[in-house]
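Trainee: Please pick one part of this model and go through it closely with me. I'd like to see how the pieces around it fit in, too.

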Amino acid sequence: MHHCEDGNKIIMPPSALEELMLMKKISYPMTFKIINPFLKNYSHCGVLEFSGEEGCVFLPNWMMNSLLLDQGQVVNIEYNELPKGQSLKIQPHSSEFVMNLSDPKEVMEKILKDFACVTIGDTIMVNHENQSYYIDIVETRPHEAVSLFETDCELEFERPLDYKEPEKIKPKVEQVEEVKDTTNVEKDAVFNQVEEVKDTINLEKDAVFKPFTGVSRRLDGQVSVSAPPPVVAAEDDKKLVADSRRHARIVICGLDGISSAAKEKAKTEETEDVKGKTKENTEEKKFQPFTGKKYILSSCC
């Protein structure tokens, strides 16, 4: 019986109505307290009709689950007159109940007309557009259980159980400070990188070839008399270059790899050798005693 699932009204046997008629004071619509005798938990409900099988009552499935009842289990039902509700606070389990409905409060007021009463601590199930929603009864006034029949009950909503607080948007001042801090950190990182590059360049400068700082040698292999210019620190490179240009001797090499100075020196030595040989030849041509031809004196035959 699908209509029994809407609301919290149960079907009772005819014998229950006969017993109620014997009571002196009964208010309508009738409300009952239904108790799980084993766990002692309870709730309240109304009656849909007295047409059930003798010895049995029919409860909505969600109510049986709420009371932790099994099918065929014994329950105790007592007649209980409830005051009319003045206010009701509920809490949906899912945010979809609020998000999917254009006016959740109006929809909930219509759904509660199927409920004869509600009790604090109940978890009721409501159906809307083929969708089932579970809702907790958080607060009722003026009593822990109230009747909803012909009453103007004020309805309030608590945040859904799955509700999450939105992330707080930081003020602009804090955002600016964070940007400044980030910028300072980036500047420090860039400064450190620049310093590292400078150190690397200085190391490379120290290893750069320094002109005119070697040892000069003559063609005969002897060390040149003129001392090389002194080696100075890297920061005096410009001064070193100027001094080197002022004091350095320019050496020009030909295609054979021999410098012009070396060639000039070789020519000079060669000229000196030729002069020496010429001088020797000249000296040989001068008079030298006992160096002429010898003749033998002999008589003619």
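Mentor: Before I use any element names: helices here are DSSP runs of H or I with at least four residues, strands are runs of E with at least two, and both are numbered from the N terminus. Keep in mind that this is a predicted model. Its average pLDDT is 76, and 58% of the residues reach at least 70. The stretch 245–255 falls below 50 in pLDDT, and apart from near neighbours in sequence it makes 8 contacts in the model.

The part I'd pick is Lys89 and its charged partners. Searching the whole structure turns up 5 salt bridges. One of the pairs is Glu139 with Lys89, where the closest N and O atoms are 3.7 Å apart. Glu139 belongs to strand β8 and Lys89 to strand β5, so you're looking at a link between distant parts of the chain, 50 residues apart. Now, how buried or exposed are the two ends? Glu139 has a relative accessible area of 26%, so it counts as partly exposed. Lys89 comes out at 18%, and because the cut-off for buried is under 20%, it goes in the buried class.

Next, Lys89 also pairs with Glu156, with the closest N and O atoms 3.9 Å apart. Glu156 sits in strand β10, which covers residues 154–157, so this bridge ties Lys89 in strand β5 to a part 67 residues away in sequence. At 34% relative accessible area, Glu156 is partly exposed.

Then there's Glu158, whose side chain meets that of Lys89 in a salt bridge at 3.6 Å, N to O. Glu158 isn't in a strand: its place is the loop between β10 and α5 (172–207), so here the tie to strand β5 spans 69 residues of sequence. Glu158 is partly exposed as well, at 32%. Put the pieces together and you have a network of salt bridges linking Lys89, Glu139, Arg141, Glu156 and Glu158.

Arg141 deserves a second look for its backbone. The peptide bond from Arg141 to Pro142 is cis, with omega near 15 degrees, and Pro142 falls in the loop between β8 and β9 (145–147). There's a cis bond elsewhere too, from Tyr28 to Pro29, with omega near -5 degrees. Pro29 lies in the loop between α1 and β2.

What does Leu88 touch once residues up to four places away in sequence are set aside? Its contacts include Glu139 and Glu156, which are both members of the charged network. Leu112, Val118, Ile137 and Leu155 are also among the residues Leu88 touches. As a general point, nonpolar side chains in soluble globular proteins tend to be buried together. In this model the largest nonpolar core has 37 residues, and Leu88, Met108, Leu112, Phe115, Ile124 and Val126 are the ones with the most contacts inside it. Among the elements that give it two or more residues are β5 (87–92) and β8 (131–141), the strands that hold Lys89 and Glu139. Others on that list include α1 (14–21), α4 (104–111) and β7 (123–128).

For contrast, step out to the loop between β2 and β3, where you'll find Leu39 and Lys40. Leu39 has 48% relative accessibility, so it's partly exposed. Together with Phe38 and Leu68, Leu39 makes a nonpolar surface patch with about 350 Å² of accessible area. Lys40 isn't a glycine, yet its phi is positive, about 65 degrees. Lys40 is exposed at 61%, whereas Lys89 in the network is buried.

Asn130 is another non-glycine with a positive phi, about 60 degrees, and it's in the loop between β7 and β8. With a relative accessible area of 85%, Asn130 is exposed.

So if you come back to one residue, make it Lys89: at 18% it counts as buried, and it is linked with Glu139, Arg141, Glu156 and Glu158 in the salt-bridge network.

Technical notes:
Residues are numbered from 1 along each chain as its sequence is written. This is a predicted model: local features need pLDDT of at least 70, side-chain atom pairs count only at pLDDT 80 or more; totals for chains, interfaces and linings use all residues. Side-chain values use heavy atoms; hydrogens and water are left out. pLDDT is the predictor's confidence in each residue, from 0 to 100. Contact means heavy atoms within 4.5 Å. A nonpolar core is a set of buried Ala, Val, Leu, Ile, Met, Phe, Trp, Tyr and Cys residues joined through side-chain atoms within 4.5 Å. Buried means under 20% relative accessible area, exposed over 50%, partly exposed in between (1.4 Å probe, protein chains only). Patches are made of residues with over 30% relative accessible area and no salt bridge: like charges are joined within 9 Å, nonpolar side chains (Val, Leu, Ile, Met, Phe, Trp, Tyr) within 5 Å. Accessible areas come from the Shrake-Rupley method with a 1.4 Å probe; for residues, only the protein chains shown count as cover. A salt bridge is a side-chain nitrogen of Lys or Arg within 4 Å of a carboxyl oxygen of Asp or Glu.
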